[in-house]
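Welcome, and please open your viewer with a cartoon and the side chains ready to toggle. We will go from one selection to the next, pausing at each stop.

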Amino acid sequence: MIPLFSSALRAAGVPALVTIARLDVAQLGRLAPNLLVCDVDGADVDQLELLRRLRFVLPDCLIAVYTGTLKRSWGVACHLAGVNCMLSKTADERNLTAGLHDALQNGCYTDPGFAAA
């Protein structure tokens, strides 16, 4: 999925991309990114607690979750944990780009698939 996101991020106007295979909250705090896209579906820790920790160490970062769980309750829980943007794994590059662009411009975005769930 990295090439898909690389292309979508470039198209959305994000100039640089760093890939981290494993989410390390302390390392991310030191990097202090402006935008973080994370896939927490396979996380071996509590996903919502991980998102709360990310929000705590990255208070000014736009945090996007890339997920295959298209449940309205999951989207709401992620937003309440501090996530700005919910992206669906079923989205194509054009929709990912539009979602990321919208989040960067407005500070928040939720893939329409969550509303339909």
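The tour starts with the whole chain, then visits the sheet, one helix and some cysteines.

This is a predicted model, in which local features need pLDDT of at least 70 and side-chain atom pairs count only at pLDDT 80 or more, while totals for chains, interfaces and linings use all residues. Residues are numbered from 1 along each chain as its sequence is written, and side-chain values use heavy atoms, with hydrogens and water left out.

**Stop 1: the whole chain**

Color by secondary structure and you will find six helices and four strands. Helices here are DSSP runs of H or I with at least four residues, strands are runs of E with at least two, and both are numbered from the N terminus. Traced from the N terminus, the elements follow the order α-α-β-α-β-α-β-α-β-α.

Now switch on the surface: the protein chain exposes about 6,600 Å², with 54% of it supplied by carbon and sulfur atoms. These accessible areas come from the Shrake-Rupley method with a 1.4 Å probe, and for residues only the protein chains shown count as cover. Of the 117 residues, 38% count as buried (under 20% relative accessible area; exposed is over 50%, and partly exposed lies in between, with a 1.4 Å probe and protein chains only).

**Stop 2: the sheet**

Select the strands. They form an open sheet of four, in the order β1-β2-β3-β4, with parallel pairing; two strands pair if DSSP finds at least two bridges between them. At the edges are β1 (35-38) and β4 (109-110), each pairing on one side only.

Begin with β1 and β2, which are joined in the parallel sense by four bridges. To see one of them, pick Leu 35 and its bridge partner in β2, Leu 62. Next, move to β3 (residues 85-88), which runs parallel to β4 and is joined to it by two bridges. Here the pair to pick is Cys 85 and Tyr 109 in β4.

Stay with β2 and show its side chains. Which way do they point? Leu 62, Ala 64 and Tyr 66 go one way, Ile 63, Val 65 and Thr 67 go the other, and all are buried.

**Stop 3: helix α4**

Select residues 72-80. This is α4, lying across β2 (62-67), β3 and β4 and running at about 145 degrees to β3. Axes are lines fitted to C-alpha atoms, for helices over the stretch in contact, and angles run from 0 to 180 degrees between N-to-C directions.

Which residues of α4 are buried? They are Trp 74, Gly 75 and Cys 78. These residues sit on the same side of α4 because they cover an arc of only 100 degrees around the axis, the arc being that of the directions from the helix axis to the C-beta atoms. They pack against α3 (47-57), β2, β3 and α6 (112-116), where contact means heavy atoms within 4.5 Å. On the other side of α4, you will find Arg 72, Ser 73 and Leu 80 exposed. After the helix, look at Gly 82, whose phi is positive, near 115 degrees.

**Stop 4: the cysteines**

How many disulfides does the structure hold? Zero, counting a disulfide as a pair of cysteine sulfur atoms within 2.5 Å. Cys 85 is in none, and its nearest cysteine sulfur, that of Cys 108, is 7.7 Å away. Cys 85 counts as buried because its relative accessibility is 0%.

Finally, return to Cys 78 in α4. Its sulfur is 8.6 Å from the closest cysteine sulfur, in Cys 38, which is too far for a bond. Cys 78 also counts as buried, at 0% relative accessibility.
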